[in-house]
Amino acid sequence: MPPLNVSELVARAREGQPRAVAKLISLVEDAHPRLREVAAALTPYTGNARVIGLTGPPGVGKSTSTSMLLSALRKDGKRVGVLAIDPSSPFSGGALLGDRIRMTEHATDPGVYIRSMATRGHLGGLSWATPQAVRVLDAAGFDVVLIETVGVGQSEVDVVRLADTTVVLLAPGMGDGIQAAKAGVLEIADAFVVNKSDRDGAEVVVRDLKQMISFARREIRGESWRQPIVQTVASRGEGAGELVSALNEHHDWLAAHGELAGRREHRAASEVEAIALRRLRAQLEDLHGGGHLSGLARRVVDRELDPYGAADALLDALRPGQ
Ligand code: GDP
């Protein structure tokens, strides 16, 4: 393999070359040792992309809706990057079936970049990889980054919370899935999509949601954003315009209320924390390799030390400045 030329790679990504973007995201996924250099080179070019997260139970129509949204945003002239997040899958780099389907529609469009991310087994997992992948796409000049998750598990909820705007999708006829989604996602949703509105029961989902939203509003004082409910038939592209309008309104609301900076701070905090924790873990492993931990553990077993004292000693042994 030729040696890695970080500044050239970043320059090529900024020219919109998909292979350079792909390479940079792979470096993130692989926790490449030169990521520090990569991040330093990317950071001056960041801060422009709007980040939109989509989540909801499997089968609700997230892939279809993402594709619909992609087309609508492209019509508005936006360059769009998509990160499809699957915390449970060992596959990454565009190997998911959904990507192949979408790729056929958007494959030849230079204004679109779609990438699957699966970081099972990686230290720090998605909270490590996702914000850094967003940073790559932001610096590469994508106007919008869509983060789409496969399901509604905790790690997926954590990931979509990194967005400026979080969209929660529901659909009629989803049985328990909807109940589960409703229970955990009301507080993270900035907008709701009731997809499959061509099906019976869509109105019931909308009515239930309205009820929940008005109930929740009584709880959250001072919250002036009212989560919109957009009905869509993603498979036919219906409701795309309304969804884009709702997203734009939320973006304007965030900006007007100083919340956009807050969300971005949250994303940066998550990124910084994941980097710091990863380094801390690596240092601890070094100590472990050097026998520090097992030495301390032996002293705990021998009742010379209590576990908190041993943890203090372990932390004291971490070399500062690393
Ligand atoms: P995901 O698992 O949430 O990503 O869901 P998909 O986007 O893969 O969609 C699941 C299935 O629902 C697919 O067969 C879609 O064609 C179908 N689907 C998506 N949107 C709609 C819709 O608005 N109406 C109907 N009837 N089917 C839809």
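Which residue forms a salt bridge with Arg299? The partner is Glu304, and the closest N and O atoms of the two are 3.2 Å apart. Glu304 is exposed, with a relative accessibility of 52%, while Arg299 is partly exposed at 37%. Please keep in mind as you read on that this is a predicted model.

## The chain as a whole

Let's step back for an overview. The chain has 322 residues, and 46% of them count as buried. Its secondary structure comes to 13 helices and 7 strands.

Contacts along the chain often reach far in sequence. If you take contacts between residues at least 6 apart, 76% of them join residues at least 24 apart. The accessible surface comes to about 16200 Å², and carbon and sulfur atoms hold 52% of that area.

## Salt bridges, outside and inside

A search of the whole structure turns up 11 salt bridges. Besides the pair that opened this report, Arg236 and Glu238 join their side chains in a salt bridge, with 2.9 Å from N to O. Arg236 is exposed, at 53% relative accessibility, and Glu238 is partly exposed, at 37%.

Now for a pair in another setting. Asp164 and Arg267 meet through their side chains in a salt bridge of 3.1 Å, N to O. This bridge links distant parts of the chain: Asp164 sits in the loop between α7 (154-160) and β5 (165-170), Arg267 belongs to helix α11 (residues 259-289), and their positions lie 103 residues apart in the count along the chain. Why does Asp164 count as buried? Its relative accessible area is 1%, so Asp164 falls in the buried class, for which the limit is under 20%. Arg267 is also classed as buried, because its relative accessibility is 10%. The bridge has a further member on its doorstep: Asp164, Arg264 and Arg267 are linked in a network of salt bridges.

## Arg50, a buried charge without a bridge

Arg50 is found in strand β1, which covers residues 50-55. Here is something worth a look on your screen: Arg50 is buried yet has no salt bridge. How far away is the nearest side chain of opposite charge? That side chain belongs to Asp164, and the distance is 6.1 Å, whereas a salt bridge needs the nitrogen and oxygen within 4 Å.

The side chain of Arg50 does have a polar atom 3.2 Å from the backbone oxygen of Leu247. Leaving out residues up to four places away in sequence, Arg50 touches Asp143, Val144, Val145, Asp164, Leu247, Asn248, His251 and Arg264. Two of these names, Asp164 and Arg264, also appear in the salt-bridge network with Arg267.

## Around the ligand

The ligand has 15 residues around it, and those that come nearest are Gly59, Lys62, Ser63, Thr64 and Asp198. Which parts of the protein face the oxygen atoms of the ligand? From Gly61, a backbone N or O atom lies 3.0 Å from an oxygen atom of the ligand. A polar backbone atom of Lys62 is 2.8 Å from a ligand oxygen. Lys196 takes part through its side chain, where an N or O atom is 3.1 Å from an oxygen atom of the ligand. On its own the ligand has 580 Å² of accessible area, and the protein covers 69% of it.

## Two packing spots to look at

Ala246 has its place in helix α10, residues 240-256. With a relative accessible area of 7%, Ala246 is buried. Beyond its neighbours within four places in sequence, Ala246 is in contact with Trp225, Pro228 and Val230. Pro228 is 18 residues away along the chain, and the C-alpha atoms of Ala246 and Pro228 are separated by 6.8 Å.

Leu284 lies in helix α11, the helix that also holds Arg267. Is Leu284 buried or partly exposed? Leu284 counts as partly exposed, because its relative accessibility is 26%. Not counting residues up to four places away in sequence, Leu284 touches Leu314 and Leu318. Leu284 and Leu318 are 34 residues apart along the chain, with 7.3 Å between their C-alpha atoms.

Methods. Residues numbered from 1 in each chain as written. Predicted model: local features only at pLDDT ≥ 70, side-chain atom pairs only at ≥ 80, totals over all residues. Heavy atoms only, no water. Helix = DSSP H or I, 4+ residues; strand = E, 2+ residues; numbered from the N terminus. Buried < 20%, exposed > 50% of the residue type's maximum accessible area, 1.4 Å probe, protein only. Lys, Arg positive; Asp, Glu negative; His and termini not counted. Polar contact = N/O pair within 3.5 Å; in protein donor to acceptor, adjacent residues only side chain to side chain. Contact = heavy atoms within 4.5 Å. Near = heavy atom within 4 Å. Areas by Shrake-Rupley, 256 points an atom, 1.4 Å probe, with all protein chains shown as cover.
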